[in-house]
Amino acid sequence: MSRIAKRFAQLKADKRAGLVTYVTAGDPDADISYQILKGLPAAGADLIELGMPFTDPMADGPSIQLAGQRALKAGISVDKTFDMVKRFRKETGDNETPILLMGYYNLVYQRGAEKFCKDAAAAGVDGFILVDLPPEEADELKPYAVAAGIDTVLLTAPTTDDKRLPAVLKYSSGFVYFVSVLGITGTSSATEEAVRTHVERIKRHTMLPVGVGFGIRTPDQAAAVARHADAAVVGSAIVERVKAGLDDKGKPKPDLVPGVFAYIRALADGVRGVRKA
Amino acid sequence: MAISPNSFRTGPDERGHFGIFGGRYVAETLMPLILELEKAYNAAKADPAFQSELDYLLEHYAGRPSPLYYAKRLTEKLGGAKIYLKRDELNHTGSHKINNVLGQVLMAKRMGKTRVIAETGAGQHGVATATACALFDIPCVVFMGSVDVERQSPNVFRMKMLGAEVRPVTAGSSTLKDAMNEALRDWVATCENTFYCIGTVAGPHPYPAMVRDFQCVIGNETRQQMMKAEGRLPDTLVACIGGGSNAMGLFHPFLDDPGVRIVGVEAAGHGIETGQHAASLTGGRPGVLHGNRTYLLQDKEGQIIEAHSISAGLDYPGIGPEHSWLKENGRVEYVSATDNEALEAFQLLCKLEGIIPALESSHALAHVMQLAPKLPKNNLLVMNLSGRGDKDVPQVAARMGMKIES
């Protein structure tokens, strides 16, 4: 059983939904980014998404675009991202919290899909969420991911109809990610009713847990998603807390890391306040 | 070693691949839309009414066929191949872009879309899209890098006159690739009512094939016109390449004529060796960006490197996937020309033929200036004069240290 599957099994046993937190690797610099990563589980993250910055993040809104630019400027690389995960597993001894890499396929392709999967697995990565690798192209990665024991979480969207869902689910493992709004990250939010309808629809097709993301900013919104989905994913709003912790010159202020954790704790309280059957 | 296929004209396969290139690397939200477009395009291709409406517009609105003009003085000056210019700069709106845009806006109408978006570099595609949208009364938003807004200001004003909204893009390098990112971001949020009119033979399938098909009117006309003028096919074809749509339009109808030598000219900027260029095929390697796998300018890890060219229309770190395939199988030769070579060619054509070429097309001419003298006088060479240079006059004047007095 993968770490992701185990975590969702545990959440189910605990009768609650999970909180998935996204942070951009290397934002605002390697050191602070690692401090954030290290403290995420204690702050209430059940699963961690670590964003791999890309120069051309076509599916991301301004918050995550800027975070990627800060990280690239500070020198983040794929190797350093793997090193962060390695260090996390070693220093914290946390062998349960799943870490998923999120980003764009070109970084995987340039390393070679097979090598990328092996290196990621060796570092302690559990899954990939690749925004621009739909089921139509997933064949070029999936066999290597399976061989390395890495889950591939594919995205479904409001435009993914019942006819198309099975194709997405065929390549998904660990969980399936429902993008709750039409749009890029960090912009609009879906209504609770829309989330409920879509999650029910997806669950008619799969036993996989469903994580819902895009547009979740407040503990109340996270709680609303937690009532219907197996996990709520928060990204842009967390990354904005990182930005808020920078001074005018882009230097980190002392309250940056505590500010991020305080915000995540509030989200986690929202999610954990919802008891499930 | 690459194996030659029986035909170079059958691509892409049903999944949108040209060999390893092409494909559909887009966010899931867009996938159903792209599949819908593919279906609608296949239906349109099979519908004689669609083709006849497009043909009517191409003839009576865009002014096709564009002439195939024997450039006598240029030929004499260069002293080699007999040079013909395919005059696509004479089209309505001043470039080949209108060929594709009329097709796509008809597709938008056919699919019931009520809003059109486009990206633009030099502004030629933006102007063409704004024009077609004015004609069909469809709201139009054009994304343009803020650097390009600056260096192509005449076209920005034209788009606004035509009723389009121009949105300057300040993300990244603020040029064409960033405009395309921003258009994709808009499309993800608006896909239910919006048609994305891509300006070149790139992007997710079916765009590279669809845009190529709409641009093939250039090559198809050239075949007929050359048969009429010389009684035989041309020997050499030359066209400039940014994304590669004017080149693909000229080349594709000739790919299966082995006697026709085909040359694409990329923008070498300050020179390939300086790293400041836009020659993805010469200086890049395969990667995935903007929905397709193709040659890209990128660093070791796969981060995209900003392109450089004096010509905003060629200033793109990628290229259409079919060109990548044609490079790998060797059917088309790809070379490059620098900013300075293009500027020299620009001035030569003005003086010799009384034609002000676009800086984009000037790259093709720069290569013709090198190639033609080495070819025999009976070598029939066709260069695609894909755009007119009026838009570039302020920039060229500044570069030559001249002031335009108002």
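**Domain arrangement, chain contacts and core of a two-chain model**

In this predicted model, the C-alpha centres of domain 1 of chain B and domain 2 of chain B are separated by 22 Å. Each domain is assembled from two stretches of sequence: domain 1 of chain B covers 18–58 + 96–204, and domain 2 of chain B covers 64–94 + 212–399. Contacts between the two domains involve 38 residues of domain 1 of chain B and 45 residues of domain 2 of chain B. On the side of domain 1 of chain B that touches domain 2 of chain B, two or more residues each are given by strand 2, helix 4 (97–110), helix 5 (124–136), helix 6 (146–151), helix 7 (153–161) and helix 8 of chain B. By class, this side of domain 1 of chain B consists of 16 nonpolar, 17 polar and 5 charged residues.

Chain B as a whole contains 16 helices and 14 strands. A compact globule of 406 residues would be expected to have a radius of gyration near 22 Å, and the 19 Å computed for chain B agrees with this. Taken along the principal axes, the box filled by the C-alpha atoms of chain B is roughly 55 × 55 × 50 Å. Of the 406 residues in chain B, 61% are buried. Among the contacts in chain B between residues at least 6 apart in sequence, 74% connect residues at least 24 apart.

Within chain B, strand 11 and strand 12 (residues 291–296) pair in the antiparallel sense through 5 bridges. One residue pair in this arrangement is B:Gly287 with its bridge partner B:Thr294, the latter in strand 12 of chain B. The two strands form a hairpin with 1 residue between them, and B:His290 in the turn adopts a positive phi of about 50 degrees.

Strand 11 of chain B also takes part in the association of the two chains. In total, 28 residues of chain B are in contact with 32 residues of chain A. On the side of chain B that touches chain A, at least two residues each are supplied by strand 2 (21–25), helix 1 (31–45), helix 8 (176–190) and strand 11 (285–289) of chain B. Helix 8 of chain B provides the largest share of this side, 6 residues. The composition of the side of chain B that touches chain A is 14 nonpolar, 7 polar and 7 charged residues. Helix 8 of chain B thus appears both on this side and on the side of domain 1 of chain B that touches domain 2 of chain B.

Chain A comprises 12 helices and 9 strands. For 277 residues, a compact globule would have a radius of gyration near 19 Å, and the value of 17 Å for chain A agrees. The C-alpha trace of chain A extends over about 50 × 40 × 35 Å along its principal axes. Of its 277 residues, 57% count as buried. Of the contacts in chain A with a separation of 6 or more, 74% come from residues 24 or more positions apart.

The strands of chain A include an open sheet of 9 strands in the order 5-4-3-2-1-9-8-7-6, with parallel pairing. Strand 5 (151–152) and strand 6 (155–156) of chain A stand at the edges; each has a single partner strand, so one side of each is left without a neighbour in the sheet. Inside this order, strand 3 (residues 99–103) of chain A is joined by 4 bridges to strand 4 (residues 127–130) of chain A, and the two run parallel. A:Leu100 has A:Gly127, in strand 4 of chain A, as its bridge partner.

Outside the sheet, A:Lys12 is located in helix 1 (residues 3–13) of chain A. A:Lys12 counts as partly exposed because it has 14 C-beta neighbours inside 10 Å. A:Lys12 and A:Asp230 are 218 residues apart in sequence, yet their C-alpha atoms are 8.3 Å apart in space.

The largest nonpolar core has 224 residues, of which A:Ala232, B:Ile83 and B:Leu381 touch the most other members. Helix 12 (residues 256–272) of chain A contributes the largest share of this core, 8 residues. Domain 1 (18–58 + 96–204) and domain 2 (64–94 + 212–399) of chain B both give residues to this core, so the core lies between them. With residues up to four places away in sequence not counted, B:Leu381 touches, among others, B:Ala81, B:Ile83, B:Tyr84, B:Pro234, B:Val238, B:Val368, B:Ala372 and B:Leu375. The contacts of B:Leu381 also include B:Lys82, B:Asp235 and B:Thr236.

Terms used:
Residues numbered from 1 in each chain as written. Chains lettered and ligands numbered in written order. Predicted model: local features only at pLDDT ≥ 70, side-chain atom pairs only at ≥ 80, totals over all residues. Contact = placed C-beta atoms within 7 Å. Nonpolar A, V, L, I, M, F, W, Y, C, P; charged D, E, K, R; others polar. Domains from an automatic or database assignment. Buried ≥ 20, exposed ≤ 12 C-beta atoms within 10 Å, placed from the backbone. Pairing = 2+ DSSP bridges. Core = buried A, V, L, I, M, F, W, Y, C linked by C-beta atoms within 7 Å. Rg over C-alpha atoms; globule rule 2.2 N^0.38 Å.
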